[in-house]
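Reader: Hi, I have a protein model open and I'm new to this. Can you walk me through it?
Author: Sure. Let's look at it together.

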Amino acid sequence: MAQQLLMPKATAVWLVDNTALSFDQIAQFCKLHPLEVKAIADGESAQGIKGLDPIATGQLSRDEIARAEANPNHKLKLSEPKVRVPESKRKGPRYTPVSKRQDRPNAILWLVRNHPELKDAQISRLVGTTKSTIEQIRERTHWNSANLTPMDPVTLGLCSQIDLDLEVERASKGRPLPTAAELGATLESAQETEKLPFGGHEREEEKEIDADAVFAKLKSLKSSHPEDEDDDL
């Protein structure tokens, strides 16, 4: 992997303030545009950024800076790192400690039941198993199928919740939306709802009241009041 400059803009701030390098030289070394370097020198850009000394970080030598200051056409080169960091190897199946390998079938069963959208390769990445084992558990042909119990792989410590959520999100992309039957919807059909009475009909029926019956009831109430007053006297 090619070596890269640490914090290019902060390095550019330091070089502008502490060297006589040209804007083009600093821009080429820090992978910036010359106008951006000029803006840093004019105080129009990177005002809140503290300069990073590339000599202290071992990415530039004083001799290299001196050569570039003496020759405007000289291009700065990164110093060779004193410590070689080995490149990361290609990721393979997740390693599972020996003490937890017996829990993998239970975790696979949990994933198959609770997240059927996950592909075999995703389950394999999560718990560090093989596709043949996943197929056996899915088809109930595993040698220990009768004794398996679904268990959350996060609880078992086989994977993190972030990894599980990430794989589920990936598997859900492009998946069709669930139908009403899958959601367990109990909505009545349009034909059944059309037969139901509307509230407007009930209100119209309430308005159609016999006026004579209402006045008769009011007269009876008025006639009863004088009798009540006589009884009180």
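Author: Start with lysine 31, which is exposed, with a relative accessible area of 70%. Keep in mind that this is a predicted model.

Reader: Where is lysine 31 in the fold?
Author: Lysine 31 sits in the loop between H2 and H3.

Reader: And what is phi for lysine 31?
Author: Phi is near 60 degrees there. That is a positive value in a residue other than glycine.

Reader: Which other residue has phi near 60 degrees?
Author: Arginine 140 has a phi near 60 degrees. Arginine 140 lies in the loop between H7 and helix H8, residues 153–156.

Reader: How exposed is arginine 140?
Author: Arginine 140 is partly exposed. Its relative accessible area is 44%.

Reader: Let's zoom out. How many helices and strands are there in the protein?
Author: The protein has 13 helices and 0 strands. Along the sequence, the pattern is α-α-α-α-α-α-α-α-α-α-α-α-α.

Reader: How much of the protein is buried?
Author: Of its 233 residues, 27% count as buried. The accessible surface of the protein is about 17600 Å². Carbon and sulfur atoms make up 53% of that surface.

Reader: What about contacts across the sequence?
Author: Take the contacts with a separation of 6 or more. Residues 24 or more positions apart account for 62% of them.

Reader: Back to the loop with lysine 31. At what angle do H2 and H3 cross?
Author: Roughly 115 degrees. H2 covers residues 23–30 and H3 covers residues 34–41, and their axes come within 8 Å.

Reader: Are H2 and H3 roughly perpendicular or roughly parallel, and why?
Author: Roughly perpendicular. Angles of 65 to 115 degrees count as that, so the crossing of H2 and H3 falls in this class. The crossing is right-handed.

Reader: Which residues in H2 and H3 meet?
Author: On the H2 side, Phe23, Asp24, Ile26 and Ala27. They meet Pro34, Val37, Lys38 and Ala41 in H3.

Reader: And at what angle do H1 and H2 pack?
Author: Helix H1, residues 8–18, packs with H2 at about 155 degrees. The two axes are 9 Å apart. Over 145 degrees counts as roughly antiparallel, so H1 and H2 are in that class. H1 passes H2 in a right-handed crossing.

Reader: Which residues in H1 and H2 meet?
Author: Pro8, Thr11, Ala12, Leu15 and Val16 in H1 meet Ile26, Phe29 and Cys30 in H2.

Reader: Is cysteine 30 buried or exposed?
Author: Buried, with a relative accessible area of 2%. Cysteine 159 is buried too, at 7% relative accessibility.

Reader: How many disulfides are there in the whole structure?
Author: A search of the whole structure finds 0.

Reader: New topic. How many residues of H5 are buried?
Author: H5 is mostly covered, with 8 of its 11 residues buried. They are Pro105, Asn106, Ala107, Ile108, Leu109, Trp110, Leu111 and Val112.

Reader: What do the buried residues of H5 pack against?
Author: They pack against H6, H7, H8 and helix H9, residues 161–172.

Reader: Pick one of them. Where is leucine 109, and how buried?
Author: Leucine 109 is in helix H5, residues 104–114. Its relative accessible area is 4%. The cut-off for buried is under 20%, so leucine 109 counts as buried.

Reader: What does leucine 109 touch?
Author: Leaving out residues up to four places away in sequence, leucine 109 touches Ile137, Arg140, Leu148, Thr149 and Pro150. So Arg140, the one with the positive phi, is among its contacts.

Reader: How many residues apart are leucine 109 and leucine 148?
Author: They are 39 residues apart in sequence. In space, C-alpha to C-alpha, leucine 109 and leucine 148 are 7.6 Å apart.

Reader: One more. Where is threonine 129?
Author: Threonine 129 is in the loop between helix H6, 120–127, and helix H7, 131–138.

Reader: Is threonine 129 buried or exposed?
Author: Buried, with a relative accessible area of 11%.

Reader: What does threonine 129 touch?
Author: Not counting residues up to four places away in sequence, threonine 129 touches Arg104, Ile108, Ile123, Ser124 and Ile134. Ile108 is one of the buried residues of H5.

Key: Residues numbered from 1 in each chain as written. Predicted model: local features only at pLDDT ≥ 70, side-chain atom pairs only at ≥ 80, totals over all residues. Heavy atoms only, no water. Disulfide = S-S within 2.5 Å. Buried < 20%, exposed > 50% of the residue type's maximum accessible area, 1.4 Å probe, protein only. Helix = DSSP H or I, 4+ residues; strand = E, 2+ residues; numbered from the N terminus. Contact = heavy atoms within 4.5 Å. Areas by Shrake-Rupley, 256 points an atom, 1.4 Å probe, with all protein chains shown as cover. Axes fitted to C-alpha atoms, helices over the stretch in contact; angles between N-to-C directions. Parallel < 35°, antiparallel > 145°, perpendicular 65-115°, else oblique. Left-handed = near helix turned anticlockwise from the far one by under 90°.
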